[in-house]
Amino acid sequence: MGPDRRCQSPVEQAISQIDLNQDPKFHAFNPLQRFGANNALASLQLAIQLGYLDPESLKRIIDFGAGHGGPTFVLKTIADLVGARVIALENHPLMRQTFLQSGILPESDLIACDGLDYLSSTPED
């Protein structure tokens, strides 16, 4: 039996057609950021296609250990399509610096903390 062939919503169709090469920011990324972004996009598209992720239910996306930001770039691209907010968590100062230089998210959405600390101090919404 093949993959799930359910009908896709317009948002799901838009996500399935994302082409990172069309975004100028993607071309400015270093190879590690591009690799992370491509892998994140493929994983998220498959999760949506198989029905494990409903992108239209997203309100807030938290990227634990955002690193250089490649996958966060994909999360932000999807969040923009569905009206969600992305928050990136990264403890390492050099990673945060690279992340901020890429312009993926505003500095206010990149938080220097441990993910468990963030979850324990943030009210659910």
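Is lysine 76 buried, partly exposed or exposed? In this predicted model, lysine 76 is partly exposed, because its relative accessible area is 26%, and values from 20% to 50% fall between the buried and exposed classes.

**Overall fold**

The protein chain contains 6 helices and 3 strands. Followed along the sequence, these elements are arranged in the pattern α-α-α-β-α-β-α-β-α. The C-alpha trace spans about 45 × 35 × 25 Å along its principal axes. The radius of gyration is 15 Å, which agrees with the value near 14 Å that a compact globule of 125 residues would have. Among contacts between residues at least 6 apart in sequence, 66% join residues at least 24 apart.

**Interior and surface**

Buried residues account for 35% of the 125 residues in the chain. The largest nonpolar core has 26 residues, and those with the most contacts inside it are Leu20, Ile61, Val74, Ile78 and Phe99. Helix H3 (31–49), helix H4 (70–82) and strand S2 (85–89) are the elements that give two or more residues to this core. The most is given by H4, with 6 residues. Leaving aside residues up to four places away in sequence, isoleucine 61 touches Leu75, Ala79, Ala84, Arg85, Val86 and Ile87.

On the outside, the chain exposes about 7500 Å², of which carbon and sulfur atoms supply 55%. Leu46, Leu50 and Tyr52 make a nonpolar surface patch of about 330 Å². Leucine 50 is found in the loop between H3 and strand S1 (60–64), and this residue is partly exposed, with a relative accessible area of 31%.

**Salt bridges**

A search of the whole structure finds 2 salt bridges, listed below.

| Residue pair | Closest N to O distance |
|---|---|
| Lysine 76 and aspartate 80 | 2.8 Å |
| Arginine 85 and aspartate 109 | 2.7 Å |

Lysine 76 and aspartate 80 both belong to helix H4; they are 4 residues apart and therefore separated by about one helical turn. Lysine 76 is partly exposed, whereas aspartate 80 counts as exposed at 51% relative accessibility.

The side chains of arginine 85 and aspartate 109 form the other salt bridge. This pair links distant parts of the chain, 24 residues apart: arginine 85 lies in strand S2, and aspartate 109 lies in the loop between helix H5 (93–102) and strand S3 (110–111). Aspartate 109 counts as buried because its relative accessibility is 11%, under the 20% limit. Arginine 85 is partly exposed, with a relative accessible area of 43%.

How values were computed
Residues are numbered from 1 along each chain as its sequence is written. This is a predicted model: local features need pLDDT of at least 70, side-chain atom pairs count only at pLDDT 80 or more; totals for chains, interfaces and linings use all residues. Side-chain values use heavy atoms; hydrogens and water are left out. A nonpolar core is a set of buried Ala, Val, Leu, Ile, Met, Phe, Trp, Tyr and Cys residues joined through side-chain atoms within 4.5 Å. Buried means under 20% relative accessible area, exposed over 50%, partly exposed in between (1.4 Å probe, protein chains only). Contact means heavy atoms within 4.5 Å. Patches are made of residues with over 30% relative accessible area and no salt bridge: like charges are joined within 9 Å, nonpolar side chains (Val, Leu, Ile, Met, Phe, Trp, Tyr) within 5 Å. Accessible areas come from the Shrake-Rupley method with a 1.4 Å probe; for residues, only the protein chains shown count as cover. A salt bridge is a side-chain nitrogen of Lys or Arg within 4 Å of a carboxyl oxygen of Asp or Glu. The radius of gyration is taken over C-alpha atoms; the globule rule is 2.2 Å times the number of residues to the power 0.38.
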